[in-house]
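Let's take a walk through this protein together, one piece at a time. Keep the 3D view open and turn it as you read.

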Amino acid sequence: MITLLLAIVHSHFSHVKTQNTTNHRFRTPPSPMTPSHQPPPPPPPPSSPVSTASKHITTSNSASTSSPTPSDVWNYVWIPFLISLCKEVSSAKPSSESTNVLTSDSVSRLSSTCPTTDSKLNFRPIIGILSHPGDGASGRLNNAANASYIAASYVKFVESAGARVIPLIYNEAPEILQSKLNLVNGVLFTGGWAKSGLYAEVVEGIFKQVLKKNDEGDHFPLLAICLGFELLTMIVSKNNKILEQFSASDQASTLQFMTNIEGTVFQRFPADLLAKLSTDCLVMQNHKYGISPETFQENTKLCNFFKILTTSIDQDNKVYVSTVQSQRYPITAVQWHPEKNAFEWGLSMIPHSDDAVQVTQHVANFFVSEARKSLNRPPVRKVLDNLIYNYSPTYCGKAGKGYDEVYIFTENLARI
């Protein structure tokens with residue numbers, strides 16, 4: 001910058017010097033004669049354009065030597081200004097250079113300003129997903145009697161929020177299932193049809209262990225979806241016949257809020273999305289059973305354990321409970337399918353709008369954020385040996401209905 005300014009000053013003075021020299025050439029040199037010895041002036045020649053121009057130039061030069069021009073005045077103004085500016089730039093340059101050059105100490109200081117993560121949180125959470133009897137495709141993929149499956153949409157749902165999955169294969173030996181439960185930070189019950197038999201017994205056993213882990217001080221969340229919601233309703237109420245029939249197969253619906261959402265799965269939803277949930281069909285229903293608010297509230301055990309968060313309306317305009325949350329435990333149950341909006345395409349009424357996909361993501365984020373509070377830190381090698389990545393999903397979406405992908409397990413594959 002200083003070099004540039006000095007060059008400008010030098011250029012200006014060169015221009016001024018050249019101009020002065022040029023003006024000097026047009027001036028009439030003083031005569032060495034004294035006024036008394038000067039000869040009389042010759043008669044004026046006839047006027048011509050050239051002589052007129054010479055006379056004009058001479059007159060102009062005389063005028064310029066007699067009084068300062070605006071250019072001369074400007075020289076006195078802008079040159080001191082440039083000098084002053086040079087001084088300010090010179091004084092500012094060291095500090096400018098110091099801000100542009102990062103020393104190792106300054107880099108160290110910058111990196112140390114990153115906030116430290118909360119040591120109480122687990123940023124590598126593991127979710128156990130319980131498999132369901134069958135192959136998820138009515139025997140088209142695997143009709144073995146001991147086959148069970150997990151729809152890949154549930155796995156993607158969990159992974160989208162930053163967790164990994166260990167499959168809890170429902171018909172494994174109890175000791176193997178127990179050892180896998182000790183590797184996870186939360187559990188997810190999926191949708192399906194099995195409301196009795198071994199599967200229902202395993203669901204109840206895991207539910208009791210979830211309560212025990214929380215009672216012992218470990219924050220251990222449970223998310224129950226569709227069939228999971230129905231089974232928890234039966235288990236908590238201690239009434240296997242409490243469910244009622246509803247017409248909500250392949251139906252998108254709204255959610256009508258019944259209570260304060262503070263501390264619930266909906267707490268982190270943006271206000272505009274919460275409002276749309278009550279007016280737009282952003283959640284996917286696919287069930288034939290449920291429980292009405294009246295039946296729910298008549299059961300003391302249910303009311304003591306759960307609080308109703310939302311209700312929905314089926315295709316016959318019948319109202320049913322669609323979301324509940326435990327009063328004391330990190331347990332949430334939804335009659336609807338949050339995983340389908342983003343990861344399933346087999347049913348015609350699944351909402352896939354931007355708002356609907358946001359619903360999927362916010363529910364997943366809430367569940368996994370609860371799992372990060374778990375105190376369980378399982379051995380890394382055992383986790384790696386049991387992750388869902390040890391299995392491959394099967395594509396079944398060509399049928400145009402049901403699930404797009406499923407993980408299928410058989411008894412011998414389950415014992416890894």
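Start with a pair of helices. Helix α6, residues 174-181, and helix α7, residues 197-215, have axes that come within 12 Å and cross at roughly 40 degrees. As for its hand, the crossing of α6 and α7 is right-handed. On the α6 side, the residues making the contact are Leu177, Gln178 and Leu181. Their counterparts on α7 are Val202, Ile206, Gln209 and Lys213.

Now zoom out for a moment. What you're looking at is a predicted model, so treat everything here as computed from that prediction. The protein chain has 15 helices and 14 strands. Out of its 416 residues, 44% count as buried. There's also a lot of long-range contact in the chain: taking contacts with a separation of 6 or more, 75% of them are between residues 24 or more positions apart.

With that overview in hand, find strand β1, which covers residues 126-130. How many of its residues are buried? Five of its five, which makes β1 mostly covered. The side chains go two ways here: Ile126, Gly128 and Leu130 point one way from the strand, while Ile127 and Ile129 point the other way. Whichever way they point, all of them are buried.

Strand β1 has company too. It runs parallel to strand β4, residues 164-168, and five bridges join the two. If you'd like one spot to click on, Ile126 has Arg164 as its bridge partner in β4. Strand β1 also pairs with strand β5, residues 187-189, again in the parallel sense, over two bridges. Here the spot to look for is Ile129, which stands opposite Leu188 in β5.

Next comes a sheet with another style of pairing. Four strands form an open sheet in the order β2-β3-β14-β13, and the pairing is antiparallel. Its edge strands are β2 (132-133) and β13 (394-395), each of which pairs on one side only. In the middle of that order, strand β3, residues 148-151, is joined to strand β14, residues 405-409, by four bridges, and these two run antiparallel. Look for Tyr149, which stands opposite Ile408 in β14. Helix α5 packs on this sheet, touching β3 and β14, and its direction makes about 45 degrees with that of β3.

Stay with helix α5 a little longer. This helix spans residues 152-159 and is mostly covered, with six of its eight residues buried. Which ones are they? The buried residues of α5 are Ala152, Ser153, Tyr154, Val155, Phe157 and Val158.

Let's move along the chain to Thr254, which sits in the loop between β7 (244-253) and β8 (256-257). Is Thr254 buried or exposed? Its relative accessible area is 19%, and because buried means under 20%, Thr254 counts as buried. The side chain of Thr254 makes a polar contact of 3.0 Å with that of Gln256. Setting aside its neighbours within four places in sequence, Thr254 is in contact with a run of residues that includes Leu277, Ser278, Thr279, Asp280 and Cys281. The rest of that list is Val283, Thr311 and Ser312.

Two residues are worth a stop for their backbone angles. Asp250, which lies in strand β7, has a phi near 50 degrees, a positive value in a residue other than glycine. This residue counts as partly exposed, at 22% relative accessibility. The other is Asn317, found in the loop between β10 (306-313) and β11 (319-326). Asn317 isn't a glycine either, and its phi is positive, about 65 degrees. With a relative accessible area of 64%, Asn317 is exposed.

Finally, a word on cysteines. A disulfide is a covalent bond between the sulfur atoms of two cysteines. How many disulfides does a search of the whole structure find? The count is zero. Two cysteines you can pick out for yourself are Cys303, partly exposed at 26% relative accessibility, and Cys396, buried with a relative accessible area of 4%.

Technical notes. Residues numbered from 1 in each chain as written. Predicted model: local features only at pLDDT ≥ 70, side-chain atom pairs only at ≥ 80, totals over all residues. Heavy atoms only, no water. Buried < 20%, exposed > 50% of the residue type's maximum accessible area, 1.4 Å probe, protein only. Pairing = 2+ DSSP bridges. Disulfide = S-S within 2.5 Å. Polar contact = N/O pair within 3.5 Å; in protein donor to acceptor, adjacent residues only side chain to side chain. Contact = heavy atoms within 4.5 Å. Axes fitted to C-alpha atoms, helices over the stretch in contact; angles between N-to-C directions. Left-handed = near helix turned anticlockwise from the far one by under 90°.
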